[in-house]
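Colleague: Please take a close look at one part of this model for a first-year student, and then connect that part with its surroundings in a single account.

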Amino acid sequence: MRLSLEWLAEWIALPDPAALVDRLSTGGFEDVEIDSVGPDLSGVVVGRVVAHGKHPNADRLSLCRVDAGDGEPVDVVCGAPNVAEGQKIAFAAIGTKLPDGTKLKRSKIRGVVSNGMICSSRELALGDDHDGILVLDPGAPVGAPIGDVLSSGGRTLDLGITPNRGDAASLLGLAREVQAFFGGEIAIPETQPPQAGAPSSESIRIEIDAADACHHYVGRVVRGVSVGPSPEWVTQRLEASGLRSINNVVDVTNLVLLELGQPLHAFDLSTLDQAQIRVREAHSGEKLVTLDGETRELVPDDLVIADASRAIALAGVMGGAETEVGDTTRDLLIESAHFHPTVVRRGARRHGIHSEASYRFERGIDREGVRRAADRAARLIAEIAGGEVAPDGVEARGVAAEVTEEISLDVPRLNRLLGTSLDTLEVSDLLARVGVACHGAGEGRVVGTIPSWRNDLHGPHDLTEEVARVHGYDRIPTTDPVGSLVPVEMPTAWQRVEAARDGLVAAGLYECVTLPFVGPGDLDRIRLPEADPLRQTVRVVNPISEEESRLRSTLVPSLLRLVRQNRSRQADQVRLFEVCRVFHPRGDGQQPHERHQLAAVITQDAEHRLWDAKNPPPLFFQAKGVAKRVVKELGYLASFRAGAIPPYLHPGAGAAIEIGENVVGSVGELHPDVVAGFEIDVPCALLELDLDALEGLALATARFSEVSRQPQVRRDLAVLLDRDQAAGDVLAAIRETAGGDLVSAELFDRYEGKGVPEGRVSVAFRLVFQHPEKTLTDAQVASATERVVRMLAHRFGGELR
Amino acid sequence: MDTLEDIERRAREAIAAADTPHGLAEVRASFLGKKGSVSELLRGIGKLAPDERAQVGQGANATKQRIEAWAAERKQALEAGERDKALDETGLDISLPAAGPPEGRLHPVTRVTRDMVAFFTSMGFSIEEGPEVETEFHNFEALNIPADHPARDEQDTFYVEGGQLLRTHTSNVQIRAMTGRTPPFRFIAPGRVYRHDLSPRHSPMFHQIEGFMVDERTTFGDLKGVLHAFGRHLMGGDVELRFRSNHFPFTEPSAEMDYACLLCDKQGCPVCSHSGWLEWGGCGMIHPHVLGACGIDSERYQGFAFGMGIDRTAMLRYGVPQIRLLFEGDMRVLEQIG
């Protein structure tokens, strides 16, 4: 809400602007600012004409010396007839940018240098007066910014009002807040209109059919008005609040809305069928053309104001075009009513209209202020637009609004909640400042009477907040909490996510965080068959775009998109991972299943740098290394099995990741179609782990075993094997066969090519033997090695090279 | 003929002047070798009287030992110098790039989250997580935001098929964690949240951390105390906080917290939109309706809750101008601030 600060000052004495902004900010209002309205006059200052003489070369110009308060007075050429020695004037120095955009330069006028300009009102965009310069108050301090001196009514108070405080959305409401924080008396303008002519009831009949939706309706009749433009003070105040001037009648209804917070509407009385007002539900199929020119299709849930034959306004939201006050209007009906907040809110939402009226009705108005606002508007209309106010309003009442009249507050309980030590008198006093009159009820209790405008106060907690707010949050003592020392719980899923991140970072990957949305095309591009469970996604009802219309069931598309984007930004190598949740629908209106998932991508480095290995391992094995490391960080030992891999991986370069018998993820290079689909221009490997699949799996516990002091004996075996023989199986068989003295067996070389028969490959294993207590003899080692060699020949057709 | 003194003096000079091990060997031989000065002098000893002979003989042997020692000392020095020179010549250009495993880093939001979690776990807060796809009940109704409440207008909510929504705040975890538990307890809940806001200064996804503590005596003053301590942990010991009254349906009294702009010391700058303060989050005493919705007796128990963005802290800490940069997965950005 925005309104003229000077207008507010007419209602209550204001403290200095900084204090006002600060207290309203800490007292419950958002984004509180005081702005100057009007042109940017920075750089224009108060100057004094210290000397005034004729221009040597021009009769109509004068040459002035101006003191701008910053040292030596300067010579300025002036063309205005009204300039005189001793005047305080608005002075713009060289370099000042004037409101019309021109920047003042030092210039020669008829041969004399002018060091600035003495400004007219028009040059400062303060008015149209161009006949002479703007002469300031003689008391204006030389050198002061002009904005501080001109009392043009040029400041607005701008603030955000929280949804519970509809009562504050008016001058009266803000004046009450100022009063609560700073004290003072509120001067409410006169509301009673002078009355003449026949009573209102002879011109209008009012009935409320929808008694639950309309609590109170007041109509006042004004006869013989002259509709026309509003006086300037009215338009200025409306404009300061961002409202457009329409005509003097409509403007008054808006002005009173700003003053008292009560929405009003004025009908052209002559357009009402049978001089009748009915507040009722709309008929099915009924139509209404609202003031904005839109034709609204009404439904029975809409509350309307109707005459004898048709709807003429959407109650509390917007009036109708057919009964609008226009130039030819002579007689008026002013409506001031109290509609149910929810009814107005639903109507406003349904029709997409958010008006000043609906804003206030939705938040609740002062139920006791309905009549006063009608009177005030009638009075102001008579003043501004002429006409006679008919005696007496016509009033109708529906079911009374549900209100909280009294709240009993337990002061010790309040202190226990806030950490304060206020007594009942202090509490009563603080509440009185927001209009809640209190009386003591014994045993530390006070009972507060809730004012009619505070629709947000329902229980003791609400009063507690008021006490805290008015007392000031900064005055509540800051204390350390006291509690029992109990162990901190960390969910295992949380711990797994954190361990996974650590493992991936240690493996040299960067963590990224991406949005959870994918599109149907993404799932095609990763080659998911129609029946794949990952095709089942949660659809977003109001997505950002079609390509972001699903919650992802897999992280793969998100990361592959990043690979392409980073490559297009000339990244030599992409090494990224994300750990977060993916979503699998469960149907039947249930919440989706959220699983913690890890995915990582590594691309082949496009650059070869100084220390890089001449033969870097194939990408698959780099990714396998990352997988092994992460799984170890999570507390498990990973094994890798060919086959059974997702469709986006290369069938010949992918593996399932297993822990024991359980498949927990996959690792591999990308399928060429996926590479093409995502327009990736380098070899790329992918790693995925389903972290929730680890739930319940026994951790691989590390155990100490005695470190032997005996010498190790190493034996290297180079064996010719079939090319398609999985080396891992061979290694496992070696470990089984080599006997109890084998401490390790590793594969350390693999070679095919010259010297190795076609279809065969030479694989070299290193076997390390050691006994815990004795030195092994050559014979013992030879016997174990011999056993291995025989096994290799027998089971794998292996020949020693 | 030279006296022993002459020989010693010359030997000392010659040894000091020798600048290579080879030159030194020659110098040594010229004094101690078979044809060396000392040997020659000893050869003449036979012509002397017996008592003189013994005296000269003893003197010559002492001279011989001294020259030997000087030569050995000099030899060691020359060899050490040669090795130093050799080490120098085989030295590396240590300004060449480091080798080693590639570098990886956590996302800035993860790092800030860990920092926050470390603080709160040190204060005895446990971690609790809730679903990101949430029911209207847990995201709104149980938090005292009924369907017709104007506060729902302020939340730009993503809805999904099936009637649920992407949680708009981490406050849903309050409901999830409190339901079925009996105070005392204290929890934090960090996580991703979503708002349908496409303006350039926002992101449809961001991160919040929620905290709440309930028992029989935790006060609004304690809430201020915890947040002051948290602010000092996060932003340094002299951070200044401000609590502004505000309205949230799920707390009462409610407050928004600001911290004094660290860049301009409250003088106003572009980072704080010239207000001198930066919004930090919302907090308050948990509304009795919320406690009630979780089955907790609000007459007996009370407590506070707070929630704040994580991303903004990360942005300030690493000087990231726009939140979206955090979520674009740009290696150039992650390598800088990761």
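**From a loop to the contact between the chains**

Modeller: Asn144(B) lies in the loop between helix H6 (136–139) and strand S3 (165–166) of chain B. The model is a predicted one. Although Asn144(B) is not a glycine, its phi is positive, at about 70°. Most residues other than glycine have a negative phi, and most peptide bonds are trans. Chain A offers another case in Asp588(A), a residue other than glycine whose phi is positive and near 55°. Asp588(A) belongs to the loop that runs between strand S30 (575–584) and strand S31 (593–603) of chain A. Asp588(A) counts as exposed because its relative accessibility is 76%, and the cut-off for that term is over 50%.

Strand S30 of chain A leads to the part that deserves the closest look, for Arg581(A) is found in this strand. Is Arg581(A) buried or exposed? With a relative accessible area of 10%, Arg581(A) is buried, since the term applies under 20%. Within chain A, the side chains of Arg581(A) and Glu594(A) are joined by a polar contact of 2.7 Å. Towards chain B, the side chain of Arg581(A) reaches the backbone oxygen of Gly130(B) at 2.7 Å. Arg581(A) also forms a salt bridge with Glu129(B), in which the closest N and O atoms are 3.4 Å apart. If neighbours within four places in sequence are set aside, the residues in contact with Arg581(A) include Arg595(A) and His596(A) from chain A, and Pro131(B) and Glu132(B) from chain B.

The salt bridge of Glu129(B) and Arg581(A) joins residues of chain B and chain A, and across the interface of these chains the rule finds 8 salt bridges. Between chain B and chain A, 45 residue pairs are in polar contact, with both residues at pLDDT 80 or more. Helix H8 (residues 220–235) of chain B gives 7 residues to the side of chain B that touches chain A, the largest share. Sorted by class, that side of chain B has 37 nonpolar, 30 polar and 30 charged residues.

How many residues of each chain take part in the contact? The count is 97 residues of chain B in contact with 91 residues of chain A. The area buried between chain B and chain A is about 7,600 Å², and carbon and sulfur atoms give 54% of that area. Ser245(B), Glu252(B) and Met331(B) supply 8% of the area that chain B buries against chain A, which is more than any other three residues supply.

Glu252(B) brings the account back to backbone geometry. A cis peptide bond joins Glu252(B) and Pro253(B), with omega at about 0°. Pro253(B) has its place in strand S7 (residues 251–260) of chain B. The peptide bond from Pro183(B) to Pro184(B) is likewise cis, and its omega is near 5°. Pro184(B) lies in a loop, the one between helix H7 (172–178) and strand S4 (185–194) of chain B.

Technical notes. Residues numbered from 1 in each chain as written. Chains lettered and ligands numbered in written order. Heavy atoms only, no water. Contact = heavy atoms within 4.5 Å. Buried area = accessible area lost by both parts, 1.4 Å probe. Salt bridge = Lys/Arg side-chain N within 4 Å of Asp/Glu carboxyl O. Polar contact = N/O pair within 3.5 Å; in protein donor to acceptor, adjacent residues only side chain to side chain. Helix = DSSP H or I, 4+ residues; strand = E, 2+ residues; numbered from the N terminus. Nonpolar A, V, L, I, M, F, W, Y, C, P; charged D, E, K, R; others polar. Buried < 20%, exposed > 50% of the residue type's maximum accessible area, 1.4 Å probe, protein only.
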